[in-house]
Amino acid sequence: MSTRVDLWNSRYVDAECGAAAWVLHEHAHLLPAKGDALDLACGLGANALRLAKHGLRVWAWDFSSVAIERLGAEAGRRGLAVHGEVRDVVAAPPAPASFDVIVVSHFLERGLFPQLIDALRPGGLLFYQTFTTERPEGSSTPSNPAFLLKPGELLELCRPLRLLVYREDSLFGDLRQGLRAVAALVGAKA
Ligand SMILES: C[S@@+](CC[C@H](N)C(=O)[O-])C[C@H]1O[C@@H](n2cnc3c(N)ncnc32)[C@H](O)[C@@H]1O
């Protein structure tokens, strides 16, 4: 029987890396000039590559060995340093006060939020973006509610942080425009 890890490994054999998440791309000006950053559940690591390009020391964790191997090769090709690690982030979350920046995109494990917030150093930033239950019809985002944020839920999960950015377009207005089917947040640790 295939495990979840096998499933992700087979997806990553020929998947494309893509671009960094909107929340990071659009708010990269909030990043510190130096420090330690983590791309958690990184997949092929587009966020990690963006953080490394910015000049941060970057760690990238995912339980898919295929993804971590491909990220290492891509970082090498680009002349960037990324410390990739095959790691189950639920079983082994980041240690308290270990990062200045944590980026999570398109991954939701609700029980992990207290540890993510704890893992930030004072002044550290959490960039989070993932899928929501309010999806325009025909949307290709995941449909399993276990992996989807309810309206306003990301705000609640990150309540201990100082809010710098929040975006959730929901289903208002012209659904052909805007940032649909996701919520995005940047929060700072006091
Ligand atoms: C939808 S992908 C998102 C990847 C990347 N963050 C992005 O935005 O493209 C979800 C990722 O979570 C990883 N993942 C799921 N559960 C995990 C766990 N318990 N520990 C580590 N990685 C996990 C999968 O291997 C996959 O790479």
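A residue is called buried when its relative accessible area is under 20%, exposed when that area is over 50%, and partly exposed in between. Keep these cut-offs at hand for the whole tour, and keep in mind that the model on screen is a predicted one.

**First stop: E85 and R87**

Select E85 and R87 and show their side chains, which meet in a salt bridge with 3.2 Å from N to O. E85 has a relative accessibility of 31%, and because this value falls between the two cut-offs, E85 counts as partly exposed. R87, at 18% relative accessibility, counts as buried.

**Second stop: E153 and R110**

Next select E153 together with R110, which form a salt bridge whose closest N and O atoms are 2.5 Å apart. E153 belongs to helix α6 (residues 153–157), whereas R110 sits in the loop between β4 and α5, so this pair ties together parts that are 43 residues apart in sequence. Of the two partners, E153 counts as buried at 13% relative accessibility, while R110 counts as partly exposed at 27%.

**Third stop: R176 and D174**

Move on to R176 and D174, where another salt bridge has its closest N and O atoms 3.0 Å apart. R176 is exposed, with a relative accessible area of 78%, and D174 is partly exposed, with 29%. Now select D36, R57, D100 and R121, which are joined into one network by salt bridges that share partners. In total the structure holds 10 salt bridges, and as general background, side chains of opposite charge can pair when their charged atoms come close.

**Fourth stop: helix α3**

Colour residues 46–54, which make up helix α3, and pick out its buried residues: A46, N47, A48, L49, L51 and A52. What covers these buried residues? Among the elements that do so are α2 (22–25), β1 (36–40), β2 (57–62), α4 (65–78), β3 (82–86) and β4, and displaying them together with α3 lets you follow the cover piece by piece. Just after α3, select G55, whose phi is positive, near 110°.

**Fifth stop: strands β4 and β5**

Select strand β4, residues 99–105. Seven of the seven residues of β4 are buried, so this strand is largely enclosed by the rest of the structure. On one side of the pairing scheme, β1 and β4 run in the parallel sense over four bridges, and D39 has V103 as its bridge partner in β4. β4 also pairs with β5, again in the parallel sense, here over six bridges, and V104 stands opposite Y128 in β5. To follow the chain from β4 to β5, add helix α5 (residues 113–119), since β4, α5 and β5 make a right-handed β-α-β unit.

Extend the selection to the whole of β5, residues 120–131, which is mostly covered, with nine of its 12 residues buried. Then bring in strand β7 (residues 182–188), which pairs with β5 in the antiparallel sense over seven bridges; within this pairing, F127 stands opposite V186 in β7.

**Sixth stop: S105**

Return to β4 and select S105, which lies in that strand. Is S105 buried or exposed? With a relative accessible area of 13%, S105 is buried. Its bridge position places S105 opposite Q129 in β5, and the side chain of S105 makes a polar contact of 2.9 Å with the side chain of N47, a residue already met among the buried residues of α3. Leaving aside neighbours within four places in sequence, S105 is in contact with A21, A41, N47 and Q129.

**Last stop: the ligand**

Finish by selecting the ligand and the residues around it. How many residues surround the ligand? There are 15, and the closest are Y12, A41, D62, S105 and H106, so that the residue of the previous stop reappears here as one of the closest.

Three polar approaches deserve a look in turn. At A41, a backbone N or O atom lies 2.8 Å from a nitrogen atom of the ligand. At F63, a polar backbone atom is 3.2 Å from a nitrogen atom of the ligand. At H106, by contrast with these backbone atoms, a polar side-chain atom lies 2.8 Å from an oxygen atom of the ligand.

Methods. Residues are numbered from 1 along each chain as its sequence is written. This is a predicted model: local features need pLDDT of at least 70, side-chain atom pairs count only at pLDDT 80 or more; totals for chains, interfaces and linings use all residues. Side-chain values use heavy atoms; hydrogens and water are left out. Buried means under 20% relative accessible area, exposed over 50%, partly exposed in between (1.4 Å probe, protein chains only). Helices (H or I, at least four residues) and strands (E, at least two) are DSSP runs, numbered from the N terminus. Two strands pair if DSSP finds at least two bridges between them. A crossover is right-handed if, with the strands pointing away from the viewer, the path from the first strand over the helix to the second runs clockwise. A salt bridge is a side-chain nitrogen of Lys or Arg within 4 Å of a carboxyl oxygen of Asp or Glu. Contact means heavy atoms within 4.5 Å. A residue is near a molecule or strand if one of its heavy atoms lies within 4 Å of it. A polar contact is a pair of N or O atoms within 3.5 Å; within protein, one must be able to donate a hydrogen and the other to accept it, and residues adjacent in sequence count only if both atoms are side-chain atoms.
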